Amino acid sequence: MLDIITKISGWVWGPPLLILLVGTGIYLTIRLGFLQIRTLPYALKLAFSPSKDTTSKGDISHYQALSTAMAATIGTGNIVGVASAVVAGGPGAVFWMWITALFGMTTKYAEALLAVKYRTTNNKGEMSGGPMYYLDKGLNLKWLSILFAIFGAIAAFGIGNMVQSNAVADVVETTFQLPSWGTGLILVGLTSLVILGGIKSIGRVTAFFVPIMALFYVIGGLIIIIMNVDLLPNAFQTIFNDAFTGSAIGGGILGTVIRYGVARGVFSNEAGLGSAPIAAAAARTDYPGRQALVSMTQVFIDTIIVCTITGVTIVMADLYASGLDGGELTSASFESFLGTPGNYIVTIGIILFAFSTLVGWSYYGEKCFSYLFQDKAITFYRIVFIAFVFVGAIASLDIVFGIADIMNGLMAFPNLIGLLGLSGVVVAETKLFLQVVKQEKEQKANTLHM
């Protein structure tokens, strides 16, 4: 059974999907004139400036929507996935993660813009949006929107739930000798406190929690890099050389380097999968483009900053050919520079990242579920989701991970069809919004000169 699931997962996440994911990003980047580079400073300012908008429709602020999406995205992939990419693809895989992120920023922008444009208000007065809504209302492909919702609701139990609680239980048992069932009960309690209150509760918690967890890990990595800055030029040289030669892999297989870099980059930032726009749709915003720019910064933070910290530290430590893999390699790399504290940084990072993913994906899953079975089913979904947090902590997850991996990949196909089919709408909305931004800047300049 496991062999069959592994083969299907390999097919779903094979070259066709990876080419489609990156190709969609390149296509949108060209159509939008490299928007992700031109507007990044303004987008970052939007993301982290206090919102003064209290009149626009939406449930949570720009920043809370961003932090909810980042909670789901910044997960074990930033620690475990990057290490696996370097082991399987060589140091050059880090470069291809950067390339994936560059174009993924535009994909994420388009997803969020469409999510806000086609969102609806449910019978509780809350916003609902995401690929299932823009596939339905934008392209009139109801069957495709239903498929996406099914894939998303199932994937949330795997990648966004049991895989995360299992990762926490493993690392806590190894480091602190707490039995898996104990970790499971603690996670159930913490998860219940957050997700039973809905998106407003999730938004408040992630707005506080996400920057703390990200800064904790990033600062730990930066301390290593600054203390060993003499190793940095050689690390970057190794990454760039290997990116185009594949010399670190037996036989110098360049395609392997690119494949693992792209695959792990997509796993990390989820650009193109259609998950993050579900959170973006809840944002309080006057124009779809404004929230879309905020959402775009998620890829920059996740991959260009957090994954780079992991990747560069691993290359500097030069332990990727030692036989270690995943979280063990990252822990060993941090520990080689900082001693025991390095191991604790990675351990605590995995715990925080995994818990945040649980919280963020609970919202994605319930929105997909409510699209299929109406809003009255949400409470049932939340209770079942919480129960599976405990199951994940104590179970062996090879088969579950494989099925969830397949569902995660299958989410991307209908979403990418939506992005390509509605690319004209994305371009038109972007032109409209950039004109608004230009007018706002002119008005501000005139006010300052008065």
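## A network of charged side chains

Aspartate 286 is partly exposed, with a relative accessible area of 39%; here buried means under 20% relative accessible area, exposed means over 50%, and partly exposed lies in between, with a 1.4 Å probe and protein chains only. The structure is a predicted model, in which local features need pLDDT of at least 70 and side-chain atom pairs count only at pLDDT 80 or more, whereas totals for chains, interfaces and linings use all residues. Residues are numbered from 1 along each chain as its sequence is written, and side-chain values use heavy atoms, with hydrogens and water left out.

The side chain of aspartate 286 meets that of arginine 290 in a salt bridge, at 2.8 Å from N to O; the term denotes a side-chain nitrogen of Lys or Arg within 4 Å of a carboxyl oxygen of Asp or Glu. Unlike its partly exposed partner, arginine 290 is buried, at 8% relative accessibility. Arginine 290 also forms a salt bridge with glutamate 440, where the closest N and O atoms are 2.8 Å apart. This second pair links distant parts of the chain, 150 residues apart: arginine 290 belongs to helix H15 (residues 288–317) and glutamate 440 to helix H20. Helices are DSSP runs (H or I, at least four residues), numbered from the N terminus. Glutamate 440 is partly exposed, its relative accessible area being 31%. Through shared partners, the salt bridges join Asp286, Arg290 and Glu440 into one network.

## A further link to helix H20

The count of salt bridges in the model comes to five. Another of them brings together the side chains of lysine 117 and glutamate 429, at 2.9 Å from N to O. Here too the pair links distant parts of the chain, with lysine 117 in helix H7 (residues 93–117), glutamate 429 in helix H20 (residues 423–449), and the two positions 312 residues apart. Lysine 117 is partly exposed, at a relative accessible area of 35%, while glutamate 429 counts as buried, at 14%. Side chains of opposite charge can pair when their charged atoms come close.

## Helix H5 against helix H15

Helix H15, which holds arginine 290, also packs against another helix. The axes of helix H5 (residues 62–73) and H15 come within 10 Å and cross at roughly 35°; axes are lines fitted to C-alpha atoms, for helices over the stretch in contact, and angles run from 0 to 180 degrees between N-to-C directions. The crossing of H5 and H15 is right-handed, that is, the near helix is turned clockwise from the far one by less than a right angle. From H5, the contact (heavy atoms within 4.5 Å) is made by His62, Ala65, Leu66, Ala69, Met70 and Thr73, and from H15 by residues including Arg290, Gln291, Val294 and Ile301. The residues of this contact divide into six nonpolar, six polar and two charged. In this grouping, Ala, Val, Leu, Ile, Met, Phe, Trp, Tyr, Cys and Pro count as nonpolar, Asp, Glu, Lys and Arg as charged, and the others, Gly among them, as polar.

## Helix H11 against helix H17

Helix H11 (residues 198–227) and helix H17 (residues 340–373) have axes that come within 10 Å and cross at roughly 155°. H11 is therefore roughly antiparallel to H17, a description used for angles over 145 degrees. The crossing of H11 and H17 is left-handed. Among the residues that make the contact are Phe209, Met213, Phe216 and Tyr217 of H11 and Leu352, Phe353, Phe355 and Tyr363 of H17. By class, the contact of H11 with H17 has 14 nonpolar, five polar and no charged residues.

## Helix H8 and two positive phi angles

Helix H8 is mostly covered, with six of its eight residues buried; these are Pro131, Met132, Tyr133, Tyr134, Leu135 and Asp136. Just after H8, asparagine 140 takes a positive phi of about 60°. Asparagine 140 occupies the loop between helix H8 (131–138) and helix H9 (142–176) and is exposed, at 64% relative accessible area.

Phenylalanine 34 likewise has a positive phi, near 55°, in a residue other than glycine. Phenylalanine 34 is placed in the loop between helix H2 (15–31) and helix H3 (35–38) and is partly exposed, with a relative accessible area of 38%.

## Serine 331

Serine 331 is part of helix H16 (residues 326–338) and counts as buried, at 11% relative accessibility. Leaving aside neighbours within four places in sequence, serine 331 is in contact with Asn343 and Val346. The C-alpha atoms of serine 331 and serine 56 are separated by 45 Å, and the two residues stand 275 residues apart along the chain.

Notes: Parallel < 35°, antiparallel > 145°, perpendicular 65-115°, else oblique.
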